[in-house]
Amino acid sequence: MESTLGLEIIEVVEQAAIASARWMGKGDKNTADHVAVEAMRERMNKIYMRGKIVIGEGERDEAPMLYIGEEVGICTREDAKNYCNPDELVEIDIAVDPCEGTNLVAYGQPGSMAVLAISEKGGLFAAPDFYMKKLAAPPAAKGHVDINKSATENLKILSECLNRSIDELVVVVMKRDRHTDLIKEIREAGARVQLISDGDVGAALNCGFSGTNIHALMGIGAAPEGVISAAAMRALGGHFQGQLIYDPEDVKTPESAKWTREGNIARLNEMGITEPDRVYTAEELAGGENVLFAATGITTGNLLQGVRFFHGGVRTQTLVISSQSKTARFVDTIHMVEQPKVIQLH
């Protein structure tokens, strides 16, 4: 899968990032998201595959989206039989977030990315666009920290696994009202908190690489990003656990008022999820034999440079992580743009 789809998947996230970056700093997060969605869909529909979005964005807040169940790839074209035999194409599960951190793009803040994860059919966890409680940590802490333990307990374990004092640890938490008690507990335990407004895929990724000075991600974020993060962390050997949050009272966001606990449980049952409180590991959320993760920076963050425009082209940086080859590649690409003809004035 990596050899046949790897380069094209890179181009999918590159095109989404470039489209979104043109709206960086303009204060319009919906357009920054919409153009990323359309660019990602357009490029995916040129790939010789039978792809299906198993978890995506937009259901919670009615944002532009690649919706759950949407089919993508060359097979979706009416004239697909002119190019291939659709029945012979590889079937792919896809989890997407075309613009991870829409507010970051809109206000020119660091850390936004275009991200996706793919696996063979059945290889990615399929769930509605709910919220998810998450715990990410470096490979040295894998299997030692536990989402069911308190933040204080996990910080003590992290301290031992990483051979650092607790006051040297940095925990990323999304700045939300629901995390007030969590933030207080982390600080009282002696660790430092890095608050982010958006973009917890990047926070989880940082846990998988040494030298980022990020040692854990804790708290509740969106479920699609959880599956995508799990795909990356599985390949990196890092720790990731996720637990679906279906009770609106646990989320405390404006759009959650439209949902009910009973309705969310019914939605889970529709999708075959009969244990709503189950804690999933990275290997369960991204359990395919081959899992590929790709992210292109939109605005510059810890790991990736953002999109840079210059006369005659665009430069992007993409991270590709593969469970198949056990590699994490940083791909630096210059996209050359055809220049308009120079008109000579006489």
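This briefing walks through the fold of one protein chain, from its overall form down to single residues.

The model is predicted. Its chain has 9 helices and 14 strands. Of the 346 residues, 55% count as buried. One sheet of 6 strands is open, with mixed pairing. Elsewhere, strand 11 is mostly covered, and helix 6 is largely enclosed by the rest of the structure.

**The chain as a whole**

- The C-alpha trace spans about 70 × 50 × 40 Å along its principal axes.
- A compact globule with 346 residues would have a radius of gyration near 20 Å. The chain has 20 Å, so the two agree.
- The chain exposes about 15,700 Å². Carbon and sulfur atoms supply 47% of that area.
- Many contacts link distant parts of the sequence. Take the contacts between residues at least 6 apart in sequence: 70% of them join residues at least 24 apart.

**The six-stranded sheet**

- In what order do the strands of the open sheet lie? The order is 7-6-8-5-9-10.
- Strand 7 (192-196) and strand 10 (279-281) are the edge strands. Each of these pairs on one side only.
- From one strand to the next, the twist averages 20 degrees.
- Strands of a sheet pair through backbone hydrogen bonds, either parallel or antiparallel.
- Strand 6 (residues 170-174) runs parallel to strand 7, and 5 bridges join them. Val170 has Arg192 in strand 7 as its bridge partner.
- Strand 6 also pairs with strand 8 (residues 216-222). That pairing is parallel too, over 2 bridges. Here Val171 stands opposite Ala216 of strand 8.

**Helix 5 and its crossover**

- Helix 5 covers residues 180-189. It lies across strand 6, strand 7 and strand 8.
- Helix 5 runs at about 150 degrees to strand 7.
- What unit do strand 6, helix 5 and strand 7 make? Together they make a right-handed β-α-β unit.

**Strand 11: covered on both faces**

- Strand 11 covers residues 291-297, and 7 of its 7 residues are buried.
- In a regular strand the side chains alternate between the two faces of the sheet.
- In strand 11, Val291, Phe293, Ala295 and Gly297 are buried on one side. Leu292, Ala294 and Thr296 are buried on the other. Both faces are therefore covered, as buried residues lie on each side.
- Strand 4 (residues 113-120) runs antiparallel to strand 11, and 7 bridges join the two. Ala117 stands opposite Phe293 in strand 11.
- Strand 13 (residues 313-322) is another partner of strand 11. The two pair in the antiparallel sense over 5 bridges. Thr296 stands opposite Thr318 in strand 13.

**Helix 6: an enclosed helix**

- How many residues of helix 6 are buried? The count is 9 of the 9, so the helix is largely enclosed by the rest of the structure.
- The buried residues include Asp200, Asn206 and Cys207. Val201, Ala203, Ala204 and Leu205 are also among them. Gly202 and Gly208 are buried as well.

**Ser159 in helix 4**

- Ser159 is found in helix 4 (residues 151-162).
- Is Ser159 buried or exposed? Its relative accessible area is 15%, and buried means under 20%, so Ser159 is buried.
- Set aside its neighbours within four places in sequence. Ser159 is then in contact with Arg164, Ser165, Ile166 and Leu169.

**Two loop residues with positive phi**

- Asn213 has a phi near 65 degrees, a positive value in a residue other than glycine.
- Asn213 sits in the loop between helix 6 (200-208) and strand 8. Its relative accessibility is 39%, so Asn213 counts as partly exposed.
- Lys326 has a positive phi of about 55 degrees, although Lys326 is not a glycine.
- Where is Lys326 found? It is in the loop between strand 13 and strand 14 (327-336).
- Why does Lys326 count as exposed? Its relative accessibility is 68%, and exposed means over 50%, so Lys326 passes the cut-off.

Methods
Residues numbered from 1 in each chain as written. Predicted model: local features only at pLDDT ≥ 70, side-chain atom pairs only at ≥ 80, totals over all residues. Heavy atoms only, no water. Pairing = 2+ DSSP bridges. Helix = DSSP H or I, 4+ residues; strand = E, 2+ residues; numbered from the N terminus. Axes fitted to C-alpha atoms, helices over the stretch in contact; angles between N-to-C directions. Contact = heavy atoms within 4.5 Å. Buried < 20%, exposed > 50% of the residue type's maximum accessible area, 1.4 Å probe, protein only. Rg over C-alpha atoms; globule rule 2.2 N^0.38 Å. Areas by Shrake-Rupley, 256 points an atom, 1.4 Å probe, with all protein chains shown as cover. Right-handed = clockwise from strand over helix to strand, strands pointing away.
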